[in-house]
Amino acid sequence: MMKLKWIIPAAIICLAAFGFTLQTEDTVNIEAVTPKVGTNIGDLAPEISMTSPDGKTYKLSDLKGQIVLIDFWASWCGPCRRENPNVVRAYEKYQKAKFKDAKGFEVFSVSLDKTNDRWVAAIAQDGLAWDYHVSDLKGWQNEAAGTYGVSSIPMSFLVDQDGVIVAKGLRGMALDQEIDKHVKSFK
Amino acid sequence: MGTFVIEGGHQLSGEIQPQGAKNEALQIISAVLLTPEPVTISNIPNIVDVNKLIDLLQSMGVKVERLAPDTYKFQADDVNMDYLTSEEFKKKGSSLRGSIMIMGPLLTRFGRGFIPRPGGDKIGRRRLDTHFIGFQNLGAQFDFDPKESFYRAHADKLKGAYMLLDEASVTGTANIVMAASMAEGTTTIYNAACEPYLQQLCKMINSMGGNITGLGSNKLIIEGVDYLGGCDHRCLPDMIEIGSFIGMAAMTQSEITIKDVAYDELGVIPSVFKKLGINLERRGNDIYIPSQEVYEIESFIDGSIMTISDAPWPGFTPDLLSIVLVTATQAKGSVLIHQKMFESRLFFTDKLIDMGAQIILCDPHRATVIGLERKQALRGVTMTSPDIRAGVSLLIAALSAEGTSTIHNIGQIDRGYQYIEQRLKNLGAQIERQ
């Protein structure tokens, strides 16, 4: 009888401890799969909400489920303009791609322009045919550039279907190499 | 060298724009050598050291175009390597501390680099060790010839390596980062400097097509790439100026707004000034400082006297310690200023004592300031600026003092602060250059 008296509480303690252990592990796992918001690779890309030349508000989060190239540029930035054909080429190429987990590929262009006219003219001139063009027309003081710590352009961030930053500063063929990692096949 | 005559005791008011950061500009301008493509840099401060570096690049064949007072376009598509062994380069390069920063880009892009031996005491031997050891780790070979007036280095192709730096030198880290950016394979720099201006350089190289991770930490990982392209870059505002203006506002009881300060990049600077009792306020990207008659130095939680000391980033920058010191002279309460990283920077306190400040200089590293609490103002005196940071501290003291002060040797102030008297006049300061 004396023994039983001890065994029951001991069993309860064991069970409780075991239960707690399981719970702790669960919590840890959940933390591990939910990245923090930030601008490093592996972080959740901060939200951008800004207006297009025709006054529509676009949000980065609208594009969840797709692979997104966030591209910081400006009409006055020569190196950006020289890089634009590469972005256009990639845009056309990956419109025709099927992705492993994502629904598609989109470009989200944030302009550090100060005047609407020059911005719109450059979009047309360089044939940046996608819809997602946004700016607050504050130049280097652009709010999203501040959030993303952008002090040099061109600067890009590649974001996966879950909104996680998977690569940064992609130029030339480095862009294709990164996007290819998410492609299942070409249509 | 020039003299400022300052009539003190006037309250200032208005907005002031900090200049671009000098220490960032020196690195960023050197990095234009990494690419044959055009690079445009804005918010470049118009000060001697920066202009000398731009001049040096121009002499090397880099095309330089000034697009605006603070904006330059550079293109290093036709660099004249022969110039680097000339007498003229020897003269120009050895008088400029920043000139060592061109070595990393030259080595990685052209496979060789030269740098005149620094003349005089401008750069101690020790300071360059981090640079040279870093280059050697990447496979560069140095030819030391005691008869020659140049350090020469060459490498067919730099190769990535792991390195643990002896000291987290900012310029050393920057130079190694630039060299590693186009080396073969991966370079890991541990105990790397991590201050914002170095992060800016890494961001710039990433924007050019480089691959650097670990920004902001003391472990940088650089994947070498074959080619870097052009970019447009904007320098951060100078945190030393921002800190100086905070101190100036408090000392002169002025209401000042410091514009576009990139607040998130200021680290502990605002909180250190808050410890002196200054009610500064973040307003968007600006700092607003109200006019305050009294600011009271906090004491530690156990009631002991506040200590403010310097440390490598993210600690408090040694360059602002003299500003904190001068600001404390009119505070309520006492503070111990502990300058750990440099010696002899506190000797200017005897000028402040001449002006009526209550300071006990304990030793070359420590000074205790007993705040006057505005019971009496500092007195205007004639003094000579010993170095750049002390120069501005004395300038702030003079602006708050009763009567007229004269500061000689202001070339020291001009080395770090562009158009300083015009900008202070715009706030209502009575200051004349003679």
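## A hairpin in chain B

Two strands count as paired when DSSP finds at least two bridges between them. In this predicted model, strand 4 of chain B (residues 63–68) and strand 5 of chain B (residues 71–75) run antiparallel and are joined by five bridges. The connection between strand 4 and strand 5 of chain B is a hairpin of two residues. Within this pairing, V64(B) has F74(B) of strand 5 as its bridge partner.

A residue is buried if 20 or more other C-beta atoms lie within 10 Å of its own. Of the six residues in strand 4 of chain B, the number that are buried is zero, so the strand lies largely in the open.

## Contact between chains A and B

The two chains meet through 17 residues of chain A and 19 residues of chain B. On the chain A side, helix 2 (78–95) and strand 7 (152–153) are the elements that give two or more residues. The chain A residues that touch chain B divide into eight nonpolar, seven polar and two charged.

Strand 7 of chain A also pairs with a strand of the other chain: strand 7 and strand 13 of chain B (residues 231–234) are antiparallel, with two bridges between them. Here the bridge partner of I153(A) is D232(B), in strand 13 of chain B.

## The largest nonpolar core

I153(A) is also among the residues with the most contacts inside the largest nonpolar core, together with V177(B), L201(B), I246(B) and V324(B). This core has 177 residues. Helix 8 of chain B (residues 239–251) gives the most to the core, with nine residues.

Leaving aside residues up to four places away in sequence, I246(B) touches F273(B), I278(B), L280(B), I287(B) and I289(B). In soluble globular proteins, nonpolar side chains tend to be buried together.

## Helix 3 of chain A

Helix 3 of chain A (residues 116–126) has W119(A), A122(A) and I123(A) as its buried residues. Viewed down the axis of helix 3 of chain A, the buried residues fall within an arc of 100°, so they line one face of the helix. They pack against helix 2, strand 5 (105–111) and strand 6 (133–134) of chain A. Helix 2 of chain A is thus shared between two settings: the packing of helix 3 and the side of chain A that touches chain B.

On the other side of helix 3 of chain A, the exposed residues are D117(A), A121(A), A124(A) and Q125(A). Just after helix 3 of chain A comes G127(A), with a positive phi of about 65°.

Conventions: Residues numbered from 1 in each chain as written. Chains lettered and ligands numbered in written order. Predicted model: local features only at pLDDT ≥ 70, side-chain atom pairs only at ≥ 80, totals over all residues. Core = buried A, V, L, I, M, F, W, Y, C linked by C-beta atoms within 7 Å. Buried ≥ 20, exposed ≤ 12 C-beta atoms within 10 Å, placed from the backbone. Helix = DSSP H or I, 4+ residues; strand = E, 2+ residues; numbered from the N terminus. Contact = placed C-beta atoms within 7 Å. Nonpolar A, V, L, I, M, F, W, Y, C, P; charged D, E, K, R; others polar. Arc of directions from axis to C-beta.
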